[in-house]
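The following exercises concern a helix, a strand and a ligand site. Each task is followed by a solution in steps.

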Amino acid sequence: MENLHDKRKVYDKSQLVESEIKQNPLEQFRDWFLEASENPDIYEANAMAISTVEGDGCPRTRMVLLKAYTYEGFIFYTNYDSKKGKAIEKNHKACLHFFWPNLERQIIIKANLEKIAENLSDGYFHSRPKGSQLGAFVSPQSQIIPNREYLEEKLKELEKEFENREVPRPENWGGYIAKPYEIEFWQGRPNRLHDRIVYTLNDLDWEISRLAP
Ligand SMILES: Cc1cc2nc3c(=O)[nH]c(=O)nc-3n(C[C@H](O)[C@H](O)[C@H](O)COP(=O)(O)O)c2cc1C
């Protein structure tokens, strides 16, 4: 096995100090997100991990794509009958995580999840390429399937069926909004003395604290 003991980087690209941060974490998110999206070395700045808690009490983490963010929260799209969909039905709390190594930054967001309005899911669904629309139809996400051909056959059938028709959004596919109540911004610093600034929602106000690294 490879020895990883000496694999470590010096983090010295930036800093996160109280005098320079935004008072609202969604504005701070926007600043960091724009920097990440404009960085040519970051492949998909909007890829984020989302952890939900399953029935057995164990968190389960997977990547999804952030498709919008507002002062209210963070929106992504998925299959409502997937493992994550079922977990969210039982426990609407989730944790989102962004890591942009080139910027030496991570963001950890604790949030309550809600389905977005159906007309918003319709709007996004119809803005996707037809292949992705059909893919959402074809895939019973998170269920066991017999083999790959099962998907490919189903896709061929649907391609014929919808050749000259608009693909309707499957009822079990749509968006969630993650409404945050805690957001931590982490900036790597030298000597492992990283900056950690956490915003916590208290009634309608965001309180700002610094955490030890
Ligand atoms: C970079 C990346 C982006 C992804 N984006 C999405 C997405 O936006 N929505 C989605 O349902 N799955 C997305 N996936 C697939 C999920 O990680 C996951 O496999 C799928 O949603 C099923 O998860 P579940 O069984 O835990 O519910 C993405 C995977 C990767 C690696």
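A residue is near a molecule if one of its heavy atoms lies within 4 Å of it. The model examined here is predicted.

**Exercise 1. Describe the surroundings of the ligand and its polar contacts with Arg-60, Arg-62 and Met-63.**

Step 1. By the cut-off of 4 Å, 13 residues surround the ligand. The closest are Arg-62, Met-63, Thr-78, Lys-84 and Ser-142.

Step 2. A polar contact requires a pair of N or O atoms within 3.5 Å. In the side chain of Arg-62, an N or O atom is 2.7 Å from an oxygen atom of the ligand. For the side chain of Arg-60, the corresponding distance to a ligand oxygen is 3.0 Å.

Step 3. Met-63 takes part through its backbone: one of its polar backbone atoms is 2.7 Å from an oxygen atom of the ligand.

**Exercise 2. Determine how the buried residues of helix H3 are arranged, and what covers them.**

Step 1. Helix H3 spans residues 118-127, and its buried residues are Ser-121, Tyr-124 and Phe-125.

Step 2. Viewed down the axis of H3, these buried residues fall within an arc of 105°, so they line one face of the helix. An α-helix has 3.6 residues a turn, so residues three or four places apart point the same way.

Step 3. Asn-119 and Ser-127 are exposed on the other side of H3.

Step 4. The cover over the buried residues of H3 includes strand E4 (74-79), helix H4 (130-138) and strand E7 (173-187).

**Exercise 3. Establish how enclosed strand E7 is, and identify strands that pair with it.**

Step 1. Of the 15 residues of E7, 12 are buried, so the strand is largely enclosed by the rest of the structure.

Step 2. E7 pairs with E4 in the antiparallel sense over 6 bridges; here Tyr-77 stands opposite Gly-175 in E7.

Step 3. Strand E6 (residues 105-115) runs antiparallel to E7 and is joined to it by 11 bridges. Ile-107 stands opposite Phe-185 in E7.

Step 4. Strand E8 (residues 195-202) also pairs with E7 in the antiparallel sense, over 6 bridges, and Glu-182 stands opposite Thr-200 in E8.

**Exercise 4. Relate the annotated span 173-213 to its secondary structure.**

Step 1. An unreviewed UniProt entry lists residues 173-213 as "domain: Pyridoxine 5'-phosphate oxidase dimerisation C-terminal".

Step 2. In the model, residues 173-213 are 71% strand and 0% helix. The end C-alpha atoms of the span lie 39 Å apart.

Technical notes
Residues numbered from 1 in each chain as written. Predicted model: local features only at pLDDT ≥ 70, side-chain atom pairs only at ≥ 80, totals over all residues. Heavy atoms only, no water. UniProt positions renumbered as here; feature names shortened; annotations may be inferred. Helix = DSSP H or I, 4+ residues; strand = E, 2+ residues; numbered from the N terminus. Buried < 20%, exposed > 50% of the residue type's maximum accessible area, 1.4 Å probe, protein only. Arc of directions from axis to C-beta. Contact = heavy atoms within 4.5 Å. Pairing = 2+ DSSP bridges. Polar contact = N/O pair within 3.5 Å; in protein donor to acceptor, adjacent residues only side chain to side chain.
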